[in-house]
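Grab a coffee and open the viewer. Here are some exercises to work through with the structure on screen.

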Amino acid sequence: MTGVPRCVIAGGGPAGMVAGLLLARAGIDTTVLEKHSDFLRDFRGDTIHPSTQLLLDELGLADRFRQIPSSRVESVRVPAAEGGDVAVADFARLRHPYPFIAIAPQWDFLDLLAEAGRQEPRFHLRMRSEVTDVIRRGGRIAGVRFVDRQTGESEELEATVTIAADGRGSVLRDLAGIPMREFGVPFDVLWFRIPAQGRDGSPVDVGRGLLPRGSAGRLFILIPRGDYVQAAMLIPKGRYPALRAAGVAAFRADVARAVPELTAAVGRLEFSDVHVLDVRLNRARRWWSRGLLCIGDAAHAMSPVGGVGVNLAVQDGVAAAAILAGPLRDGRMSDRVLAAVQRRRAWPAAVTQAAQRLVHRGIGGAFRRGWTPRPPRPIVMLLRRMPALTALPARLVGIGVRPEHAPDFARR
């Protein structure tokens, strides 16, 4: 140890990059280890919620974020049983500087954070660095061992605090022996892109709303992305092999029935275009071990319902940096400090997951009965007569249960 307060973060996703940037701005020597050579991985969460956009503003990064190609989701609408659709969440009704969800490639978002980090002398990002083990000293975790995937050499990095931000399959969490509470999920998700083109190749306007669609017991979520649509097809858990065995023609027909205006583009889909997401929902019973803290998906894997995973991870990163910075700087780090991060963030994660589990039950029932879930008629009538109510789910999804703000030391 050099005497400099040091934090090492495993994982260069939203939680790890935000925590690393903020800690570096607090004057904490911080190293983020990312096992890949870049951030270019498709079908990651691309939703940048209002609270995350406000955080970027507080960090002085809003102008740079606006330069990233993106689209907007301004409402969430669902089909009504009597025809048409109804808004269930209207972000335009939020009293917020950013009343919409921005849809931007996550790799561009992470590149933005990495570039901001490089401007901080205490921030270090090492790509192609895969964590393989922890260093233990005196009954606590005191750093990590990792492999440089370019040279194949093994290295060690000691740290006052180690942060596990390495995703739902966290290596560090498992090495620390932190148990997870698993919640059953009735569905998996097939992610794929559909070009927003008609039969003659002309652009098709799919609007700015996130619109679930259903047909013959299939449920789709369509996210407009400019010249293409990001499509999520929900299927019963573990049923992808059977769907694939039925053939690509049957798959295309299912999609075309739900998105008839894009039938021509759907006819070019192949199974090689499909990414299968094994949906999981879990939460660590304890987010920390001596010397180690879990945040983001390492602490709580979220369902894709609401697209809130990135937002929760970012807010975990902010809270972790805000709580850890002072004790790291002053040499008074303790288990109580790590536990304080869990006390701050466990409740928002639990409330959000409880809401997701309610939606899961509706989706599971729809699969069993072979129908597409739709809101009950009294709710549809209420939302149409009192559209101001759509601000409540918009706030839960877009801002979150306990939004975090940049601490003073990190603002620019």
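The exercises below deal with helix packing, strand pairing and an aromatic pair, and the model they use is a predicted one.

**Exercise 1. Work out how the axes of H1 and H4 are oriented to each other, and which residues make the contact.**

Start by finding the two helices: H1 covers residues 14–25, and H4 covers residues 106–118. Their axes come within 9 Å and cross at roughly 20°. Angles under 35 degrees count as roughly parallel, and therefore H1 and H4 are roughly parallel to each other. As for the hand, H1 passes H4 in a left-handed crossing.

Now look at who touches whom. H1 brings Pro14, Met17, Val18 and Leu21 to the contact. From H4 come Gln106, Phe109, Leu110, Leu113, Ala114, Ala116 and Gly117. Sort these by class and you get 9 nonpolar residues, 2 polar ones and no charged ones.

**Exercise 2. Do the same for H2 and H9: what is the angle, and what is the make-up of the contact?**

H2 spans residues 50–58 and H9 spans residues 309–330. The axes come within 9 Å and cross at roughly 40°. That makes H2 oblique to H9. The crossing is left-handed.

On the H2 side, pick out Ser51, Thr52 and Leu55; they meet Asn311, Val314, Gln315 and Val318 in H9. Sorting by class gives 3 nonpolar, 4 polar and no charged residues.

**Exercise 3. Put E9, E10 and E11 in order in their sheet, and say which strands stand at the edges.**

Take one pair at a time. E9 (residues 129–137) pairs with E10 (residues 140–148) in the antiparallel sense, over 7 bridges. To check this on screen, go to Glu130, which stands opposite Val147 in E10. E9 and E10 form a hairpin with 2 residues between them. Click on Gly138 in that turn: its phi is positive, at about 55°.

Next comes the other pair. E10 and E11 are also joined in the antiparallel sense, over 5 bridges. Val147 turns up again here, with Ser154 as its bridge partner in E11.

Put the pairs together, and the 3 strands form an open sheet in the order E9-E10-E11, with antiparallel pairing. E9 and E11 (154–158) each have a single partner strand and stand at the edges, so one side of each is left without a neighbour in the sheet. Ignoring direction, neighbouring strands of this sheet are turned by 30° against each other on average.

**Exercise 4. Find the glycine with a positive phi in the hairpin of E5 and E6.**

First, place the strands: E5 is residues 75–79 and E6 is residues 85–90. They pair in the antiparallel sense over 5 bridges, and Val78 stands opposite Val86 in E6. This hairpin has 5 residues between the strands. The glycine you want is Gly83, with a positive phi near 110°.

**Exercise 5. Decide how the rings of Phe192 and Phe251 are arranged, and which parts of the chain they tie together.**

A search of the whole structure finds 3 aromatic pairs. In the pair of Phe192 and Phe251, the ring centres are 5.5 Å apart and the planes stand at 75°, so the pair is edge-to-face. Phe192 lies in strand E14 (residues 187–195) and Phe251 in helix H7 (residues 248–258), so the pair ties together parts that are 59 residues apart in sequence.

Key
Residues are numbered from 1 along each chain as its sequence is written. This is a predicted model: local features need pLDDT of at least 70, side-chain atom pairs count only at pLDDT 80 or more; totals for chains, interfaces and linings use all residues. Side-chain values use heavy atoms; hydrogens and water are left out. Axes are lines fitted to C-alpha atoms, for helices over the stretch in contact, and angles run from 0 to 180 degrees between N-to-C directions. Helices (H or I, at least four residues) and strands (E, at least two) are DSSP runs, numbered from the N terminus. Angles under 35 degrees count as roughly parallel, over 145 as roughly antiparallel, 65 to 115 as roughly perpendicular and the rest as oblique. A crossing is left-handed if the near helix is turned anticlockwise from the far one by less than a right angle, and right-handed if clockwise. Contact means heavy atoms within 4.5 Å. Ala, Val, Leu, Ile, Met, Phe, Trp, Tyr, Cys and Pro count as nonpolar, Asp, Glu, Lys and Arg as charged, and the others, Gly among them, as polar. Two strands pair if DSSP finds at least two bridges between them. Rings of Phe, Tyr and Trp (its six-membered ring) pair if their centres lie within 6.5 Å; planes under 30 degrees apart count as stacked, over 60 as edge-to-face and the rest as tilted.
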